[in-house]
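Work through the three exercises below with the sequence and the structure open beside you. Try each task before you read its solution.

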There are 2 protein chains.
Amino acid sequence: MIHNFNPGPAALPPAVIARAQAELADYHGTGMSILEMSHRSKEYEAINATAEAHLKALLGLGDDYRVLFMQGGASMQFALIPLNLLPAGGVAEYIVTGSWGEKAYEEAQRLGNTRLLASTAADGYRSLPDAEALTPDPQAAYLHITTNETIQGVQWPAELPELGSAPLVADMSSDFLARPFPAERFALMYAGAQKNLGPAGVTVVVIRQDLIERGRKDLPVIMRYATFAKNNSLYNTPPVFAVYMVNLVLEWIKEQGGLVAMAERNARKAAMVYEAIDSSNGFYAGHAAPEARSLMNVTFRLPSAELEKRFLSEAQAAGMVGLAGHRSVGGIRASLYNAVSPESAATLASFMREFAQRYG
Amino acid sequence: MIHNFNPGPAALPPAVIARAQAELADYHGTGMSILEMSHRSKEYEAINATAEAHLKALLGLGDDYRVLFMQGGASMQFALIPLNLLPAGGVAEYIVTGSWGEKAYEEAQRLGNTRLLASTAADGYRSLPDAEALTPDPQAAYLHITTNETIQGVQWPAELPELGSAPLVADMSSDFLARPFPAERFALMYAGAQKNLGPAGVTVVVIRQDLIERGRKDLPVIMRYATFAKNNSLYNTPPVFAVYMVNLVLEWIKEQGGLVAMAERNARKAAMVYEAIDSSNGFYAGHAAPEARSLMNVTFRLPSAELEKRFLSEAQAAGMVGLAGHRSVGGIRASLYNAVSPESAATLASFMREFAQRYG
Ligand SMILES: Cc1ncc(COP(=O)(O)O)c(C=O)c1O
Ligand SMILES: Cc1ncc(COP(=O)(O)O)c(C=O)c1O
Ligand SMILES: [Mg+2]
Ligand SMILES: [Mg+2]
Ligand SMILES: [Mg+2]
Ligand SMILES: [Mg+2]
């Protein structure tokens with residue numbers, strides 16, 4: 001039994017993998033694999049449309065939003081967002097609460113006028129900025145945040161503080177669909193699929209219609225949100241299999257009870273692991289400030305690099321994989337995305353307690 | 001028994017699908033699906049490196065070339081090529097022999113100075129330009145061609161005529177690895193995987209080192225070839241499953257006998273279908289001029305739209321799918337990529353003969 005704590009690509013629901021495997025050689029009696037089917041086939045058009053509909057239903061969004069299935073990862077969005085939405089005379093504001101926000105901000109700086117509205121770099125990305133002290137520019141082209149910083153394990157609350165009136169753009173790569181949230185507060189949300197949504201290879205962009213129309217027209221066709229919207233993500237060949245998998249994962253989320261069920265499941269898992277940290281008398285030191293702790297990525301250190309190495313190798317021997325912290329920060333990171341089971345979280349928590357007893 | 005003539009995504013080798021299915025739930029004893037594995041795992045690093053090595057071996061290329069696994073399709077390359085390789089003062093030349101070359105040229109026109117060196121639009125994209133009459137600019141940033149026009153079924157010969165001394169850039173989406181060819185004549189080759197190489201979702205770019213270094217530095221990081229080269233295509237999360245599938249297809253090509261075996265197989269298949277056209281006393285009218293005929297996409301018309309509809313529905317009833325011509329040109333198109341079996345081609349050819357007898 002393997003417990004998969006990979007930060008992304010990450011664990012998928014066993015039922016989804018079983019289904020993909022069962023129908024891989026013959027998709028719904030067509031005699032072909034989904035891997036061999038045209039993106040213009042009625043079967044794929046149905047997958048594409050169903051996935052968009054599931055997403056909008058889970059988010060409670062109506063006709064004023066579109067869901068786009070794109071390629072290139074969240075990193076491509078770091079560039080496409082300013083390219084599409086930051087006009088020559090405008091300014092884009094960024095709040096940076098970790099490494100991914102930093103990258104998004106850096107890419108935008110190459111492409112237009114930007115303003116760093118807030119950064120928590122000074123405290124090592126352990127916290128969230130005090131929203132009341134911020135002065136967002138209502139004239140900004142957009143304000144960009146990262147709802148969950150995967151590397152530092154810092155997450156905004158589902159109910160965000162007031163952040164001004166500029167269109168709110170959010171990188172939700174590592175906490176999309178992990179809990180209910182007021183999606184209509186966002187003008188654009190995006191997420192690489194490979195954490196909560198499916199395998200690597202597709203990026204989900206949820207965008208409000210007015211932003212599509214506002215998009216710059218002097219871009220390459222393939223880089224315009226308008227191109228993807230107008231063509232239902234079928235302007236060119238989409239990553240068929242990845243979208244198919246996302247659709248299966250969305251069905252699984254629905255069957256589990258939707259975002260409310262995900263939130264309950266995720267809170268339960270995170271509580272087990274944070275409890276193992278908090279009851280360790282300081283043997284485990286959480287990275288994030290308690291009020292900024294992520295439900296998705298639990299980051300912590302041990303008293304020494306040597307103990308961290310031992311922790312990882314003993315965990316591996318016990319079937320727990322993917323626990324090494326990001327190479328840029330070290331330490332331990334347990335990623336607890338939707339598909340990670342409560343059993344995996346419980347196994348990790350009890351291993352942590354037992355390890356702390358032995359070495360603490 | 002289904003005969004899959006899809007233009008892309010297209011047929012894959014049955015042995016490859018069987019293997020992918022067999023190991024989908026547990027990749028090589030890791031207890032995880034390849035869909036759940038980190039792109040930083042040693043397993044994926046091996047896939048990534050092996051796929052690059054296989055490609056270079058099949059093409060006979062050495063250390064002066066790199067293979068990049070990118071996202072966004074060939075359509076994204078239409079933009080990335082001029083973005084990276086066309087400097088402000090330079091000019092890029094295009095030879096347009098069909099719809100895809102047209103799109104590549106249009107995208108480049110938005111991004112810099114271009115020159116249409118030749119176009120066969122006037123004859124409905126049935127032929128190749130007379131290379132001796134061309135005057136390519138040796139100072140051009142690059143010269144772009146489309147080795148096989150998927151929609152019109154027009155293909156350059158494997159041994160290209162002399163095309164001047166500017167770096168040669170080629171869209172090989174629909175005939176990459178279909179036959180041996182002098183790869184070292186090209187400075188950059190690219191192909192969406194979904195025809196000859198694997199499923200949709202990854203684009204293979206083979207680029208000469210000097211072009212990587214020459215690339216513009218003022219682009220978003222994610223749009224630079226240098227970023228992908230420096231990071232072995234792992235700057236950000238790659239489309240893991242699609243690259244895994246490409247690697248399996250490359251192994252299959254090798255096992256079959258490499259590009260020489262592919263050429264023999266492909267020539268045999270195309271001969272069967274063209275022979276059914278040529279022996280039909282004009283019932284089937286091939287689109288491409290005989291000397292420009294594609295081995296990959298056989299395009300033809302019937303005497304009436306009504307007969308074409310009947311042809312498609314009877315073919316479908318007999319298990320032959322994907323034969324409708326592209327929506328922009330109509331008629332029939334049989335795509336005979338590497339993985340399409342000689343049996344499928346023979347089945348189609350005998351259906352064509354029998355259909356012509358009944359309705360001719
Ligand atoms: C929050 C966040 N943003 C962006 C990225 C980059 O995503 P991609 O690799 O799909 O470009 C990641 C990847 O881990 C992430 O966690
Ligand atoms: C020759 C050629 N170039 C480019 C494309 C566009 O490829 P993609 O859909 O991967 O962007 C195609 C797709 O069929 C093609 O056949
Ligand atoms: Mg992606
Ligand atoms: Mg696919
Ligand atoms: Mg592609
Ligand atoms: Mg994958």
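## Exercise 1: The surroundings of ligand 2

Task: In this predicted model, determine which residues are the closest to ligand 2 and where ligand 2 lies.

Solution: Begin with the shell, in which 14 residues surround ligand 2, the closest being A:Thr237, B:Ser75, B:Thr150, B:Asp171 and B:Lys195. These names carry two chain letters, and ligand 2 indeed lies between chains A and B. Next, sort the shell by residue type, which gives three nonpolar, nine polar and two charged residues. Then ask which element contributes the most: helix H3 of chain B, residues 73–85, does so with four residues.

Now turn to individual atoms, taking a polar contact as a pair of N or O atoms within 3.5 Å. A polar side-chain atom of B:Thr150 is found 2.4 Å from an oxygen atom of ligand 2, while for B:Ser75 the corresponding distance is 2.6 Å and for A:Asn236 it is 2.7 Å. As a last step, consider the cover: of the 390 Å² of accessible area that ligand 2 has on its own, the protein covers 96%.

## Exercise 2: The surroundings of ligand 1

Task: Find which helix gives the largest share of the shell around ligand 1, and describe the polar contacts of this ligand.

Solution: Ligand 1 also lies between chains A and B, and 14 residues surround it, among them A:Asp171, A:Lys195 and B:Thr237. The largest share of this shell comes from helix H3 of chain A, residues 73–85, which supplies four residues.

For the contacts, look at oxygen atoms of ligand 1: one is 2.4 Å from an N or O atom in the side chain of A:Thr150, and a polar side-chain atom of A:Ser75 lies 2.6 Å from an oxygen atom of the ligand. With A:Ala74 the backbone takes part, since an N or O atom of its main chain lies 3.1 Å from a ligand oxygen. The protein buries 96% of the 390 Å² that ligand 1 exposes when taken alone.

## Exercise 3: How the two chains are related

Task: Work out what turn lays chain A on chain B, and how many residues each chain gives to the contact.

Solution: A turn of 180° with a shift of 0.0 Å along the axis lays chain A on chain B with an RMSD of 0.0 Å, and this is therefore the relation of a two-fold axis. The same surface serves both copies, as 100% of the contact residues of chain A recur in chain B.

Finally, describe the contact itself, which takes 56 residues from chain A and 56 residues from chain B. About 4300 Å² is buried between the chains, and carbon and sulfur atoms give 63% of this area. Within chain A, the residues that lose the most area to chain B are A:Gln21, A:Leu35 and A:Glu36, together 14% of what that side buries.

Conventions
Residues numbered from 1 in each chain as written. Chains lettered and ligands numbered in written order. Predicted model: local features only at pLDDT ≥ 70, side-chain atom pairs only at ≥ 80, totals over all residues. Heavy atoms only, no water. Least-squares fit on C-alpha atoms with pLDDT ≥ 70 in both. Contact = heavy atoms within 4.5 Å. Near = heavy atom within 4 Å. Polar contact = N/O pair within 3.5 Å; in protein donor to acceptor, adjacent residues only side chain to side chain. Areas by Shrake-Rupley, 256 points an atom, 1.4 Å probe, with all protein chains shown as cover. Helix = DSSP H or I, 4+ residues; strand = E, 2+ residues; numbered from the N terminus. Nonpolar A, V, L, I, M, F, W, Y, C, P; charged D, E, K, R; others polar. Buried area = accessible area lost by both parts, 1.4 Å probe.
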